[in-house]
Amino acid sequence: MNAAPPQSALHPAGPIGETLLGVSLTLFVGALVIFAGVMGLLYVALRRRPGAVNVRRWIIGGGVLFPTSVLVVLFAWSEWHRPPWRAVPPADALIIGVTARMWWWEVRMRDPATGAEVVTANEIRVPVGRPLYLGLTSADVIHSFWVPALGGKMDAMPGRVQHLQLQADRAGTWRGQCAEFCGDQHARMGLHVVALAPAEFDAWLAGQARPAQAPATPELERGRQAFLDSRCNACHTVRGVSEESRLGPDLTHVGSRTHLGAATMPNSPAAMGEWVRHTQRHKPGARMPSADNRLDDATVQSIAAWLAQLK
Ligand code: CUA
């Protein structure tokens with residue numbers, strides 16, 4: 001885990017985040033200096049006799065010329081510094097498709113070995129030092145994608161694909177958050193970006209491209225069967241086990257993710273059981289029903305145990 005706070009625009013972890021922090025600090029300090037200057041002038045003005053100053057000169061100079069020239073310079077300067085905005089990704093960029101949904105993130109990448117699409121959720125693993133080019137859209141309402149340490153914020157809108165560039169220059173885990181109010185669980189619509197050394201990233205992507213591993217024990221086989229019998233696959237895809245259904249997150253490798261429920265809780269076998277059993281307790285209004293009011297405890301336990309080992 002990184003030493004810096006995982007979700008802070010004040011602790012950038014890549015060049016785009018650093019540029020944005022530099023622009024923000026310059027604007028903040030500049031505004032502070034101008035505010036102090038205006039307060040100083042106000043103090044002087046209040047102590048002067050009426051008629052001792054040329055009012056017209058101050059209004060034109062201080063009220064028109066000064067703000068106009070400051071704004072023109074700032075505009076030019078911030079245009080020069082702003083992060084790249086491109087309709088076409090840079091040649092070496094990693095292209096990532098992100099679809100925002102109420103209330104989680106679907107993530108798509110291409111497996112370089114086969115060209116096949118790899119679908120995952122709520123966690124984007126990326127290689128350190130490589131530009132990331134995101135295509136953002138939404139399946140329902142307007143959301144906004146924001147990982148403060150890695151770059152700017154961009155709305156995800158239904159019927160459009162918007163682009164966003166990010167980059168992580170250090171290995172670590174950074175938290176992101178939906179930044180546009182989108183309904184009951186807007187606050188629990190988080191995600192994590194995990195930046196890895198390039199070789200580690202390649203190994204992870206190759207693993208994600210594979211279908212789910214076959215159950216190694218009869219107990220796990222019972223969990224797999226219970227997942228199908230309980231119709232969990234009506235919303236969730238597990239590649240190699242069930243037909244594609246994209247209403248809920250792809251669970252093919254859910255056991256390998258750092259968190260469950262779009263950053264609602266850290267992932268562990270125990271958390272998996274708790275999440276499946278009491279989804280509505282942890283994320284009221286989520287599209288997934290709690291299992292505890294329709295499945296017996298042994299069934300929930302066996303489904304959770306099978307899911308937790310899908311690494
Ligand atoms: Cu999605 Cu707020």
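Me: How many bridges join β1 to strand β2?
Reply: In this predicted model, a hairpin leads from β1 to β2 through 2 residues. The two strands run antiparallel, and strand β2 covers residues 104-110. One bridge pair is threonine 99 with glutamate 106 in β2. The number of bridges joining β1 to β2 is 5.

Me: Which residue in β5 is the bridge partner of isoleucine 95?
Reply: Strand β5 spans residues 132-138, and β1 pairs with it in the parallel sense over 7 bridges. Within β5, the partner of isoleucine 95 is tyrosine 133.

Me: Why is strand β1 described as largely enclosed by the rest of the structure?
Reply: Strand β1 has 8 residues, 94-101. A residue is buried when its relative accessible area is under 20%. Strand β1 is largely enclosed because the number of its residues that are buried is 6 of the 8.

Me: Which strand gives the largest share of the largest nonpolar core?
Reply: This core has 37 residues, and those with the most contacts inside it are Ile96, Ile124, Leu134 and Phe145. The largest share is 5 residues, and it comes from residues 190-196, strand β10.

Me: How many residues are in the second, separate core?
Reply: In soluble globular proteins, nonpolar side chains tend to be buried together. Here a second core stands separate, and Cys232, Val254, Trp275 and Ile303 are among its members. Its residue count is 25.

Me: Which strands are the edge strands of the open sheet of 5 strands?
Reply: The order is β4-β10-β9-β6-β7, with mixed pairing. Neighbouring strands of this sheet are turned by 25 degrees against each other on average, direction ignored. The strands that pair on one side only are β4 (123-127) and β7 (153-156).

Me: Which residue in β10 stands opposite tryptophan 174?
Reply: Strand β9 covers residues 172-178 and pairs with β10 in the antiparallel sense over 6 bridges. Opposite tryptophan 174, in β10, is valine 193.

Me: At about what angle to β4 does helix α3 run?
Reply: Helix α3 is made of residues 198-209 and lies across β4 and β10. Its angle to β4 is about 135 degrees.

Me: Is histidine 278 buried or exposed?
Reply: Histidine 278 sits in the loop between α5 (269-277) and α6 (279-282). Not counting residues up to four places away in sequence, histidine 278 touches Ser290 and Asp292. Its relative accessible area is 13%, and the limit is under 20%, so histidine 278 is buried.

How values were computed
Residues numbered from 1 in each chain as written. Predicted model: local features only at pLDDT ≥ 70, side-chain atom pairs only at ≥ 80, totals over all residues. Heavy atoms only, no water. Core = buried A, V, L, I, M, F, W, Y, C linked by side-chain atoms within 4.5 Å. Buried < 20%, exposed > 50% of the residue type's maximum accessible area, 1.4 Å probe, protein only. Helix = DSSP H or I, 4+ residues; strand = E, 2+ residues; numbered from the N terminus. Pairing = 2+ DSSP bridges. Axes fitted to C-alpha atoms, helices over the stretch in contact; angles between N-to-C directions. Contact = heavy atoms within 4.5 Å.
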